[in-house]
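Trainee: Could we go through this model together? I'd like to talk about charges, cysteines and surface patches.

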Amino acid sequence: MLTKEKRIEQLLEQDDSHWRWGWGVAIATVVMTLVIATQSKLYAPLLVFISFFPYLCFEWRKTKLLLTFNEDARYQRLVYTDFGIQWLCFVLTICLLAAYYADSLSPVVAIAGLFGIGVMSILAPYVINRHLHSLDAHHVRGKELREARDQRFHESKTNT
């Protein structure tokens, strides 16, 4: 089993190997969103798909890396559950927008649904990460990874 420092190092290496692709996808997403948005508001579900699918691809790669850190079945089930909830939120958002634009939902119901999905997408990873940390003391929480990224960024600025 890897230590927390080694895990952070591997997660940062994965970030480093994908940053160019991530920026390319982000730029392409903005351009495609602007082009599609000028066509019709009915394309909102497609815009959500275009905007968030690349994020899910990055999260899947992170999930696969996290699965290599611990072979405990409970740990792996929680890692899969975290990704599954993100995927579920993605699909529910697209379905909710499609239903709204098909005039099957009122604006209040659509907004309430989007709010609920947003809350679930924020709270679920927090709760799951807490459980993962209780199963594996070396599990890297999101806050720790952000701090490592910030520290690396500040070190690279002072070195240049």
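**Charge pairs, cysteines and patches**

Mentor: Sure. There are four salt bridges in the structure, a salt bridge being a side-chain nitrogen of Lys or Arg within 4 Å of a carboxyl oxygen of Asp or Glu. Keep in mind that this is a predicted model, where local features need pLDDT of at least 70, side-chain atom pairs count only at pLDDT 80 or more, and totals for chains, interfaces and linings use all residues. Residues are numbered from 1 along each chain as its sequence is written, and side-chain values use heavy atoms, with hydrogens and water left out.

Trainee: Which residue forms a salt bridge with lysine 4?

Mentor: Lysine 4 sits in helix H1 (residues 4-37) and its partner in helix H5, 140 residues apart; helices are DSSP runs (H or I, at least four residues) numbered from the N terminus. The closest N and O atoms are 2.8 Å apart, and the partner is glutamate 144.

Trainee: Is lysine 4 buried or exposed?

Mentor: Buried means under 20% relative accessible area, exposed over 50%, and partly exposed in between (1.4 Å probe, protein chains only). Lysine 4 has 16% relative accessibility, so lysine 4 is buried.

Trainee: How many residues apart in sequence are aspartate 15 and arginine 149?

Mentor: These two form a salt bridge, with the closest N and O atoms 2.6 Å apart. Aspartate 15 is in helix H1 and arginine 149 in helix H5, so the parts they tie together are separated in sequence by 134 residues.

Trainee: Why is the sulfur of cysteine 95 without a bond to the one in cysteine 89?

Mentor: A disulfide is a pair of cysteine sulfur atoms within 2.5 Å, and by that rule the count is zero. Cysteine 89 is buried at 5% relative accessibility, whereas cysteine 95 is partly exposed at 46%. The sulfur of cysteine 95 is too far for a bond because its closest cysteine sulfur, in cysteine 89, lies at 12 Å.

Trainee: Which helix gives the most to the nonpolar patch?

Mentor: Patches take residues with over 30% relative accessible area and no salt bridge, joining like charges within 9 Å and nonpolar side chains (Val, Leu, Ile, Met, Phe, Trp, Tyr) within 5 Å. Here Tyr43, Leu46, Phe49, Phe53, Trp87 and Val91 make a nonpolar one of about 500 Å². Two or more residues come from each of helix H2 (44-67) and helix H3 (73-101). With three residues, the top contributor is H2.

Terms used:
Accessible areas come from the Shrake-Rupley method with a 1.4 Å probe; for residues, only the protein chains shown count as cover.
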